[in-house]
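Trainee: I am new to this structure, and I would like a close look at one part of it rather than a tour of the whole. Please take me through the boundary between its domains, slowly and with the terms explained.

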Amino acid sequence: MDKYCIYDYSKAHLEDLLALLGEKKFRATQIYEAIYKENKTNLNDITTLSKASREYLSDIFYFNNLNIKDIKKSSDGTIKFLFELEDKNLIETVLMVHDYGYSVCVTTEVGCNMGCKFCASGELKKIRNLSTSEIVLQVLEVNRYLVKENKKVSHVVVMGIGEPFDNYDNVMEALLILNDNKGLEIGSRHITVSTCGLVPKIMDFSDFPLQVNLAISLHFATDEKRTKYMPINKKYNLEELIEAIKYYYNKTNRRVTFEYILLDNINDSTSDAYDLIKLLKGLNCYVNLIPYNETNGIFKRTKEERRDAFFDILLKNGIQAVVRREFGHDIDAACGQLRAKAIKKME
Ligand code: SAH
């Protein structure tokens, strides 16, 4: 019989599974506290369980783990982990140090099928979804690393390699585990999921029970430009995307963040700024202006002066915006870069 991976289950689902196995539901809480709070990695070590339960459940559940292949530290405190999965695929996870806490950027897929032209992640087509446990373990492994310094992950951004809404069910299950107060206890307001715009999943996400933040990788404010650089726009255009966001807002009352990478001479002119204003007028949102990490030599980052001019136009026209701080510039912290290098080295 295939064993069940213990990190794959939200508490409610673990309770259901235990009930099916003839165990008491409250065992789920005991297991959660042991594996997420006390970091136990063997059911036989969970002494709150009866000896009979320990033995029985050890035959049914197993613990997987991520193998740390490389750790790179930036001068600004950012740490990038290269993890090897059980099937030898490699993924990246980034830890960022803020004045408000420790935030982890998690990966959701091996590779990515979205094909955004400016993004290094898409250079490798999607091989497979990450399982729920592989998403949760990224945060757990970083916590294991931080615990030596008496620190803990406080924020999670689902903005690593992959499109989270293309692996919707596993990502949602992982969010429940990350947020659970018997699990990793990361406040829902401290979790952000970023999507390039899979409209039907934005609708589904409107009914997701946790108050998790939603970010949209917009980057272009007209269909003509967005379609040119982001293939997803052919499937769901800007009108459909904005409709979905309005639906999400009406259901959740939560303000959406739009991410906008500034690409030199591509989407950073005065008229681009006005296109953006026109698109977002009346929406309760704010814009995150992102300095581009130059990955492939084709796209260049917008110079500071031009960026500030773009920013000013947005503010003067009532669009709230911030310029995102950069992390780990010296360690290839942009999506997919470390992984791409590690693979090249191995070839
Ligand atoms: N697929 C999801 C999440 C992963 S990408 C999404 O599209 O939102 C996370 C963010 O990083 C996206 O906004 C993406 O457009 C951006 N990004 C990708 N490559 C980048 C680069 N080289 N420099 C800066 N941001 C980049």
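Mentor: Let us begin with the charged pairs, since between domain 1 and domain 2 the count is 3 salt bridges, where a salt bridge is a side-chain nitrogen of Lys or Arg within 4 Å of a carboxyl oxygen of Asp or Glu. The model is a predicted one, in which local features need pLDDT of at least 70 and side-chain atom pairs count only at pLDDT 80 or more, whereas totals for chains, interfaces and linings use all residues. Residues are numbered from 1 along each chain as its sequence is written, and side-chain values use heavy atoms, with hydrogens and water left out.

One salt bridge to look for joins the side chains of Lys-37 and Glu-185, with 2.8 Å from N to O. To place the boundary itself, the domain assignment of the protein chain gives residues 4–62 to domain 1 and residues 67–346 to domain 2, such bounds coming from an automatic or database domain assignment. Taken over C-alpha atoms, the centres of domain 1 and domain 2 are separated by 33 Å. The contact, which means heavy atoms within 4.5 Å, takes 16 residues from domain 1 and 17 residues from domain 2.

The area tells the next part of the story. Domain 1 and domain 2 bury about 1300 Å² between them, and 54% of that lies on carbon and sulfur atoms; buried area here is the accessible area (1.4 Å probe) that two parts lose on being put together, summed over both. On the side of domain 1, the residues that lose the most area to domain 2 are Tyr-7, Tyr-36 and Lys-37, which together make up 39% of what that side buries. Lys-37 therefore deserves a second look, as its side chain also meets that of Glu-185 in a salt bridge, a term that rests on the distance from nitrogen to carboxyl oxygen.

Polar contacts add to this picture: across the interface of domain 1 and domain 2 there are 10 residue pairs in polar contact, both residues being at pLDDT 80 or more. A polar contact is a pair of N or O atoms within 3.5 Å; within protein, one must be able to donate a hydrogen and the other to accept it, and residues adjacent in sequence count only if both atoms are side-chain atoms.
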